[in-house]
Amino acid sequence: MSSVRMTDDHGIDADHEARLQFLTWDRTPADIESPEHRARQAHWARVAGASFHPSAYVAAEAAIFTEHLVLGEKSWIAGHALVRGDVEFGAHTTINPYAMISGKVRCGDGVRIASHVSIVGFNHGFDDPTVPIHTQKHESLGIVIEDDVWIGANAVVLDGVTIGRGAVIAAGAVVSKDVPGMAIVGGVPAKVVRYRGQSAKGDAVATLGRLGTLAKAQLPEVLAAYREGGDYVSREADGQVRRSARHRNDAIELAAGFDSLPEGLDVAATLAELQALQDPVSGLFPDPHRPVAPGQATRDDGLALYNVLSVGYAIEVLGGKPLHRIAAVELDANELCDWLDSLTWRERAWGAGAAVDAIGTALYYNARYFSTGRAREVLFGWLAMRQDRATGLWGSPTPDEGLLQPVNGFYRLTRGTYAQFGLPVPNAERATDSVLLNYRNYGGFSGPTYTACNLLDTIHPLLLCLKQGDYRRAEAESIARAVIARAEERWVDGQGFAFADGQAPSLQGAEMWLSVIHLAADLLGIADSFAFVPKGVHRTRAVGIGL
């Protein structure tokens, strides 16, 4: 059956033009380049603050009333869709007929928005019951829709929501809270039904099994790759190669995680060497390769504090104990509080948290092997009083990095205190909010920011807080699954893991990433599927406070 093709006075194929209002995917390069279409785009550029990729298309009957509009490569807006406000669409994003996008909305690439969807990036004020709602101020938190999201027909997305990469919003769902990446959500209000690719749990178990077997088999080769003579040399987090006591300890911890020892290690001699690193006066562990600066107090040296963990736990892994009580932390209440107050909480909360980690660990050694006073009670009391109740963190965000410093500091601080002594974290739900917000603000971390540190400082706090309840568990589990899913592709045969994407592999990267993967598996309840269990710095077993 043939149809008659009709044209209007300007020669435009009227049937084809009508079809494109509803079946906009049928547009052709000729439609995009047509004078009529380019004239429409020029009009919207003038009156609606619009900018279009040369391959983008907007149907004639689309309603565009924006102050700012970006439409990316090969994206289109169908006829009878309404787009108003401050809106950006990435590449390969499509808006079907009768969809409505309002307010401040940011869409990534590959987003599919079905017919009759409402995405509302603003809200009426209504808190004051004495004032008519229509006269109360609007607010706009904005909506973020990440890449590769499908939003089904008649779904509603409310202001303030972020929809994670790869999510699917079922038809008719009302989305009022953030949606984790790869989640399939439905209902009113929308809840996670399952995750794309699930059996995701089965996939994660299989990945953990393969990677654990591979890493364990290659352990001797990995350790040998960083051996120079009788010592270990490895790249550190900043990408530099330098000698440090840490590298041998990382090798010991790597092997211990697989219930073994580095090949040829003389346990008695190594124990004696590690124990000899302890300063008998302060009890701290200055690094022999990077001595404390002249005139600097040992407790102000970052490596001397970090080695409380690195050297101390290696000693424990080998079946020994420190030789000396760590006197540097056995202070009266005023002295300890003054030390804590002096730390870099405003400008570098990570460093402040690292100092607390070392203090807590030193107090653990004293309580377990020697004697201790009331410093633990003072430490936990100070922490309880100084926590920011709004964020659940300690320390301040910075202009350049946002929440990154206090979130990373939260990991270090809680690792050596609440986690080590088996105590509940105060305001765990607020801390979870902050950790997830930081993860979101950094786009889930990618490229150079996809580091063992950033993911460790995300997974461990979430795992610790989830021990106290299920608040936002689905989002935490989504992150854990994503970490495991990427693990195999990042392993380098015979060398292990790089600390960060774009770097060469290292001992530090291998030990930290294997620990992160274990933590992710533990968060998902499948840690038994992974052959590596951290026994040192990144161990998760609480020792309790009644020692």
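Gly 187 takes a positive phi near 100° in the hairpin of strand 18 and strand 19, which has 4 residues between the strands. This is a predicted model. The two strands of that hairpin run antiparallel, and 4 bridges join strand 18 (residues 183–186) to strand 19. Within the pair, Ile 184 stands opposite Arg 194.

**The sheet**

The hairpin strands belong to an open sheet of 8 strands, in the order 2-4-6-8-13-16-18-19. The pairing in this sheet is mixed. Strand 2 (57–58) and strand 19 (191–195) stand at the edges. Each has a single partner strand, so one side of each is left without a neighbour in the sheet.

Further in the order come strands 13 and 16. Strand 13 (residues 150–151) and strand 16 (residues 168–169) run parallel, joined by 2 bridges. Here Trp 150 stands opposite Val 168.

The two strand pairs are set out below.

| Pair | Direction | Bridges |
|---|---|---|
| Strand 18 and strand 19 | antiparallel | 4 bridges |
| Strand 13 and strand 16 | parallel | 2 bridges |

**Helix 10**

Helix 10 covers residues 375–386, 12 residues in all. At 1.5 Å a residue, helix 10 should span 16 Å. Its end C-alpha atoms are 16 Å apart, which agrees.

Which residues of helix 10 are buried? They are Ala 375, Arg 376, Val 378, Leu 379, Phe 380, Trp 382 and Leu 383. In an α-helix there are 3.6 residues a turn, so residues three or four places apart point the same way. The cover over the buried residues of helix 10 includes helix 8 (333–341), helix 9 (349–369) and helix 11 (404–421).

**The nonpolar cores**

The largest nonpolar core holds 108 residues. Val 308, Ile 326, Leu 336 and Val 483 touch the most other members. Helix 15 (residues 507–523) gives this core its largest share, 11 residues. A second, separate core has 41 residues, including Trp 44, Ala 48, Val 83 and Val 175.

Ile 326 has a varied set of contacts. Leaving aside residues up to four places away in sequence, Ile 326 touches Gln 278, Ser 282, Gly 283, Leu 284, Phe 285, Val 308, Ala 362, Tyr 365 and Asn 366.

**The cysteines**

How many disulfides does a search of the whole structure find? It finds 0 disulfides. Is Cys 107 buried or exposed? Cys 107 is buried, with a relative accessible area of 9%. Cys 337 is partly exposed, and its relative accessible area is 22%.

Conventions. Residues are numbered from 1 along each chain as its sequence is written. This is a predicted model: local features need pLDDT of at least 70, side-chain atom pairs count only at pLDDT 80 or more; totals for chains, interfaces and linings use all residues. Side-chain values use heavy atoms; hydrogens and water are left out. A disulfide is a pair of cysteine sulfur atoms within 2.5 Å. Buried means under 20% relative accessible area, exposed over 50%, partly exposed in between (1.4 Å probe, protein chains only). Two strands pair if DSSP finds at least two bridges between them. The expected span of a helix is 1.5 Å times one less than its number of residues. Contact means heavy atoms within 4.5 Å. A nonpolar core is a set of buried Ala, Val, Leu, Ile, Met, Phe, Trp, Tyr and Cys residues joined through side-chain atoms within 4.5 Å.
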